[in-house]
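Visitor: I would like to go through the strand pairing here and hear the reasoning behind each term.

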Amino acid sequence: MLKFRKATLRSASVLLSPAAAQPRACLSTGPQQKHTTFYEFRTYCIRPDQNASFLKLTNDKIHLRTAHSELIGYWSVEYGGLNQVFHIWKYDSFSQRAAVRAALAQDPSWISDYISKAIPMLTSQHNEVTYLVPWSRLQGPPQEGGAYELVSFLMRPGGPAVWGDAFQAAVTSHDAPGYGKLVGAFHNEFGLLNRVHALWWFESADQRAEVRHKAHTDARVVAAVRNSVVHLDSQENKLMFPCSFSPLK
């Protein structure tokens, strides 16, 4: 009986040892972020009677802001939001952004010549922190001018491990000759979670409408979209035109 008990205890100790531990399930919801560069999306709502004044002030004084960090693009929203501007800022790290914000708070020209005048013109401000998805890179348009569309998707919880491949297939099916140009695909780090964005460029708003109709009859696009929408909760879009001072035009 004693020998049996010792043998049983030895067996239990082996089972509980780290070497004998069973493999743990991976809890990752998608590809791990391998770089620190992120993009801050900012949306400002402007008082209707101040829209033109705000855009002129920003055009005249944007250099005070770009002296501190890199502006990717600045757009005026035409459809999908009235009296709005949307802009993207690039940062190498969260510590860099914190340093930029601290420097702006101590910049007398920024405070007196721009921000003190701009804030009363706004009704709200909203931001999101995003990363480029692993399979996308930021690309400029083939030519200046044209129209940009920001399409934002709120996916069902589960992360890219659940819906990443379907989302990629749906987006890249449109990034083909005869369609729009994908500028970048992003996913949220802060803001609404499970939210992803595709930023597109078109020659014009009319070309975007033509592409939209074409996609409805393209079996390849339709199949990819159908596989993706089963993971989708909601979506929204904005048609935007670049401001004269926007790096992306």
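Visitor: What makes E2 and strand E8 a pair?
Guide: This is a predicted model. Two strands pair if there are at least two bridges between them. E2 and E8 (residues 232-242) are joined by 4 bridges, therefore they count as paired. Their directions are antiparallel, and Trp75 stands opposite Pro242 in E8.

Visitor: How do you know that E2 also pairs with E3?
Guide: The same test applies. Between E2 (residues 70-79) and E3 (residues 84-91) there are 6 bridges, against a requirement of at least two, so the strands pair. They run antiparallel. Gly73 has Ile88 in E3 as its bridge partner. E2 and E3 form a hairpin, with 4 residues between them. In the turn, Gly80 has a positive phi of about 95°.

Visitor: What joins E5 to E8?
Guide: Strand E5 (residues 147-155) is joined to E8 by 8 bridges. At least two are needed, so E5 and E8 are a pair as well. They too run antiparallel, and Val151 stands opposite Asn237 in E8.

Visitor: Why is this called a barrel?
Guide: The 8 strands close, in the order E1-E3-E2-E8-E5-E7-E6-E4, with antiparallel pairing. From one strand to the next, the twist averages 35°.

Visitor: How do you know that helix H3 packs on the sheet?
Guide: Contact means heavy atoms within 4.5 Å, and H3 (residues 94-105) touches strand E1 (38-46), E3, strand E4 (122-132) and strand E6 (181-190), so H3 is in contact with the sheet. The direction of H3 makes about 40° with that of E1.

Terms used: Residues numbered from 1 in each chain as written. Predicted model: local features only at pLDDT ≥ 70, side-chain atom pairs only at ≥ 80, totals over all residues. Heavy atoms only, no water. Axes fitted to C-alpha atoms, helices over the stretch in contact; angles between N-to-C directions.
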